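Got your viewer open and a hand on the mouse? Let's take a walk through this one together, one selection at a time.

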Amino acid sequence: MLAWFLAGLAALSLALLLWQWLEGARFPLHHRGPAPDFAPPLTLLKPLKGADAQTAACLRSWLAQDYPGPVQVLFAVGDETDPAAAVVRQLLTEFPAADAQLVHCPDRLGPNAKVSQLAQLETRARHALWVVSDADVAVPPDFLRQLVRPFREPAPAGLACAFYELATPATPAMHAEALAVNADFWTSVLQARRLGPMRFALGAVMAVRRELVQRLGGFRALVEHLADDYELGRRVAALGGRVELLPVVAACREAPRGARAVWRHQLRWTRTIRHCQPLPFAFSLLANPTLWPLAWLAAAPGRVAAAGLALCLGARLVMAAHCQARLTRSWRHLPWLWWAPIKDLLAVALWALAFFGNTVEWRGERYRVRPGGRLERCS
């Protein structure tokens, strides 16, 4: 009976994998619509902390946008001596015509330092459409043109967001994380979207109507949440705003990180998801295409189970290669494809640890994640 049960789980995981692959194949990734004549004024909010070799190029990509409408850019730092401040000052000399400024946001309004900076920038934002983007995100020159498309009348979206790729994996651990994002994450988002309207957002780049942020209490209302992007999308949807997912792709360019830092990041992400969406997270283990065929083979060694394992692993590798190449428009990550089944098994450990702890490390500080994804600083 155990062997039959595990065989069923292996078949289910394969079916879910093929469905996820199909969703990725059907989505018009990287599609560009015609250059719109719609270019509303917008304010770009950029919370910053620290700088690395990629920071200047990422921030420059936003100042060099080919966008015909007015763009106000607000860079925020919590400390005027932050290395990011020096990068911004240099960029402001490169783009003297840009409507951009560096804003000192010294107040810590809650545990989420990024959202604390956004809350302090609100009063300086002049335009009705706000774009929020992480510091390590680089975008192509037409990105803003594409990002504003869903806000055209007569039925403007409430929030628009875009997929992102991890573009600079420099260590083996980062290649494993890149595989998780570049192959698995974006296709799982599409899988979830198939089940109903989006009620979350992807935080690398978000555009949102100011009126909706103000109706939910401003960014200050999110300052206790770690997954502020998820919470913003959920609250915008609850207010009746449509959340749109765009086919354009941003690039996250990160400094090299070792295995320990990547593990802490993944554990923080996993524990946050468990608290935000406990039931879907609990059932997410069923979609592991490496765990269940391995368990089947261990319980019932033989040709049938071995063939099932080979089928699942083969589909897993081909899916990962194809989906990662679609997102990144490159096969350069192919030599690291062997990480896929290892990453699946590590995901089992992360899944279990998410249930047996609620502490996370973020920006050098330790927090407890409470139900709903709220943060509490550890004493």
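We'll begin with the whole protein and then select single parts of it.

**Before you click.** This is a predicted model, so local features need pLDDT of at least 70 and side-chain atom pairs count only at pLDDT 80 or more, while totals for chains, interfaces and linings use all residues. Residues are numbered from 1 along each chain as its sequence is written, and side-chain values use heavy atoms, with hydrogens and water left out.

**Stop 1: everything.** Show the cartoon, and you'll have 13 helices and eleven strands on screen. These are DSSP runs numbered from the N terminus: helices are H or I with at least four residues, strands are E with at least two. Along the principal axes, the C-alpha atoms fill a box of roughly 70 × 55 × 40 Å. The radius of gyration is 21 Å, which agrees with the value near 21 Å for a compact globule of 379 residues. (That radius is taken over C-alpha atoms, and the globule rule is 2.2 Å times the number of residues to the power 0.38.)

Now colour by burial. Buried residues make up 52% of the 379; buried means under 20% relative accessible area, exposed means over 50%, and partly exposed is in between (1.4 Å probe, protein chains only). Of the contacts with a separation of 6 or more, 80% join residues 24 or more positions apart. Contact here means heavy atoms within 4.5 Å.

**Stop 2: helix H4.** Select residues 113-121. How many of the nine residues of this helix are buried? Nine of the nine, so H4 is largely enclosed by the rest of the structure. Lys114 and Gln117 are among those buried residues. Want to see what they pack against? Add strands S1 (42-48), S2 (71-77), S3 (99-104), S4 (129-133) and S9 (359-362), plus helix H8 (228-238). Then zoom in on the start of H4: a side-chain oxygen of Asn112 reaches to within 3.1 Å of the backbone nitrogen of Lys114.

**Stop 3: Glu23.** Next, pick Glu23 in helix H1 (residues 2-26). Its relative accessibility is 5%, so Glu23 counts as buried. Which residues is Glu23 in contact with, leaving aside its neighbours within four places in sequence? Show Leu190, Gln191 and Arg194 to find out. With Arg194 there is a side-chain polar contact of 3.0 Å. (A polar contact is a pair of N or O atoms within 3.5 Å; within protein, one must be able to donate a hydrogen and the other to accept it, and residues adjacent in sequence count only if both atoms are side-chain atoms.)

**Stop 4: Gln266.** Hop over to helix H9 (residues 259-276), where Gln266 is found. At 13% relative accessibility, Gln266 is buried too. Beyond four places in sequence, Gln266 is in contact with Glu177 and Leu350.

**Stop 5: Ala305.** Helix H12 (residues 303-328) holds Ala305, which is buried at 2% relative accessibility. Light up Trp296, Leu297 and Ala300, its contacts outside four places in sequence. Then try the distance tool: Lys343 is 38 residues from Ala305 in sequence and 21 Å away in space, C-alpha to C-alpha.

**Stop 6: Arg149.** Finish in the loop between helix H5 (143-147) and strand S6 (159-166), where you'll find Arg149. Is this residue buried or partly exposed? At 29% relative accessibility, Arg149 counts as partly exposed. For a last distance, go from Arg149 to Pro278: they are 129 residues apart in sequence and 33 Å apart in space, C-alpha to C-alpha.
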